[in-house]
Amino acid sequence: MSPVRAGIALGSNLGDRLKMLQNARDQILTTDGVHAPVLQSGIYKTSPVNCELGAENFYNAVIEIGFEHSADTLLANLRRIEVALGREREHQCNISRTIDLDLLYFDDLQQDEAHLRLPHPRIAERAFVLRPLADIASDLRLPGQTATVRELLANLRSGESIKRIADKW
């Protein structure tokens with residue numbers, strides 16, 4: 001299989017959030033099948049969306065990698081990395097977590113299965129994903145979308161607080 005471009009969202013709101021994102025990124029980059037070029041957004045401090053009362057702000061970023069295996073293989077590797085960094089697999093939806101890795105897109109693959117939906121079904125609703133994604137792929141049109149990432153972000157009406165806190169990490 002020739003390498004495809006895959007986008008991955010990284011988020012953390014527990015513990016040393018910056019260190020968690022760095023550790024997750026580093027583990028992704030050493031995963032079998034990952035190839036350059038690697039694109040990396042800045043890090044954004046974002047308000048929690050639909051989390052428990054009192055949840056800390058998240059640190060969010062997006063990376064894009066080349067990957068030579070299947071989307072299912074990449075997803076399995078992302079889940080393995082989450083567990084290695086302290087996330088419990090039976091984690092409740094939308095509560096605080098040490099690390100959250102979401103496969104956003106896998107070239108132009110469209111998939112709608114219980115374990116994997118591509119592109120990620122809520123990208124267009126989430127400023128905390130679109131803002132960092134726009135850093136690295138503002139002209140990207142996701143499969144099934146007519147608007148670019150930049151246009152999706154410009155048209156999003158969100159109450160989320162987003163502040164860029166780091167360019168290099």
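This report walks through the fold, the cores, the buried charges and the salt bridges of a predicted model.

## Overall build

Let's start with the parts list. The chain holds four helices and eight strands, and reading from the N terminus the order is β-α-β-β-β-α-β-β-β-α-α-β. Along the principal axes, the C-alpha atoms fit a box of roughly 45 × 35 × 35 Å. The radius of gyration is 15 Å, which agrees with the value near 15 Å that a compact globule of 169 residues would have.

Buried residues account for 50% of the 169 in the chain. The accessible surface is about 8,500 Å², and carbon and sulfur atoms supply 47% of that. If you take the contacts between residues at least 6 apart in sequence, 70% of them join residues at least 24 apart.

## The nonpolar cores

The largest nonpolar core contains 29 residues, and the ones with the most contacts inside it are Ile-8, Leu-10, Ile-28, Ile-65, Leu-74 and Leu-103. Which elements give two or more residues to this core? They are strand 1 (4–12), helix 1 (17–29), strand 4 (58–67), helix 2 (71–84), strand 5 (100–106) and strand 7 (116–118). A second core of 18 residues lies apart from it, with Val-62, Leu-104, Leu-130 and Leu-133 among its members.

Leu-74 is a handy residue to click on in the largest core. Setting aside neighbours within four places in sequence, Leu-74 touches Ala-6, Ile-8, Ile-65, Phe-67, Leu-103 and Phe-106.

## Two charged residues on the inside

Arg-25 sits in helix 1. Is Arg-25 buried or exposed? Its relative accessibility is 10%, so Arg-25 counts as buried, the cut-off being under 20%. Beyond residues up to four places away in sequence, Arg-25 is in contact with Leu-10, Gln-40, Ile-63 and Trp-169. Leu-10 has already come up as one of the residues with the most contacts inside the largest core.

Asp-102, in strand 5, is another one to look at. Asp-102 is buried but has no salt bridge, and the nearest side chain of opposite charge, Arg-79, is 4.5 Å away. That falls outside the salt-bridge cut-off, because a side-chain nitrogen has to be within 4 Å of a carboxyl oxygen. Past four places in sequence, the contacts of Asp-102 are Gly-7, Ile-8, Ala-9 and His-120.

## Helix 3 and the loop after it

Helix 3 (residues 127–137) is largely enclosed by the rest of the structure, because nine of its 11 residues are buried. Those nine are Ala-127, Phe-128, Val-129, Leu-130, Pro-132, Leu-133, Ala-134, Ile-136 and Ala-137. Two of the names, Leu-130 and Leu-133, also turn up in the core of 18 residues.

What about Arg-131 and Asp-135? They form a salt bridge, with the closest N and O atoms 2.6 Å apart. Being four residues apart in helix 3, the two are separated by about one helical turn. Arg-131 is partly exposed at 28% relative accessibility, and Asp-135 is partly exposed at 28%.

Leu-142 belongs to the loop between helix 3 and helix 4 (149–155). Despite the loop address, Leu-142 counts as buried, with 5% relative accessibility. Leaving out neighbours within four places in sequence, Leu-142 contacts Tyr-105, Pro-119 and Ile-123. The C-alpha atoms of Leu-142 and His-120 are 9.5 Å apart, with their positions 22 residues apart along the chain.

## More salt bridges

How many salt bridges does the whole structure hold? A search finds 12. One of them joins Arg-150 to Asp-139, where the closest N and O atoms are 2.7 Å apart. This pair links distant parts of the chain, 11 residues apart: Arg-150 is in helix 4, and Asp-139 is in the loop between helix 3 and helix 4. Arg-150 is partly exposed at 45% relative accessible area, while Asp-139 is exposed at 52%.

Another salt bridge pairs Asp-167 with Arg-164 at 2.5 Å, N to O, and Arg-164 is partly exposed, with a relative accessible area of 37%. There is also a network of salt bridges linking Arg-79, Glu-82, Arg-87, Arg-97 and Asp-100. Arg-79 is the residue named earlier as the nearest side chain of opposite charge to Asp-102.

Conventions:
Residues numbered from 1 in each chain as written. Predicted model: local features only at pLDDT ≥ 70, side-chain atom pairs only at ≥ 80, totals over all residues. Heavy atoms only, no water. Core = buried A, V, L, I, M, F, W, Y, C linked by side-chain atoms within 4.5 Å. Buried < 20%, exposed > 50% of the residue type's maximum accessible area, 1.4 Å probe, protein only. Contact = heavy atoms within 4.5 Å. Lys, Arg positive; Asp, Glu negative; His and termini not counted. Rg over C-alpha atoms; globule rule 2.2 N^0.38 Å. Areas by Shrake-Rupley, 256 points an atom, 1.4 Å probe, with all protein chains shown as cover.
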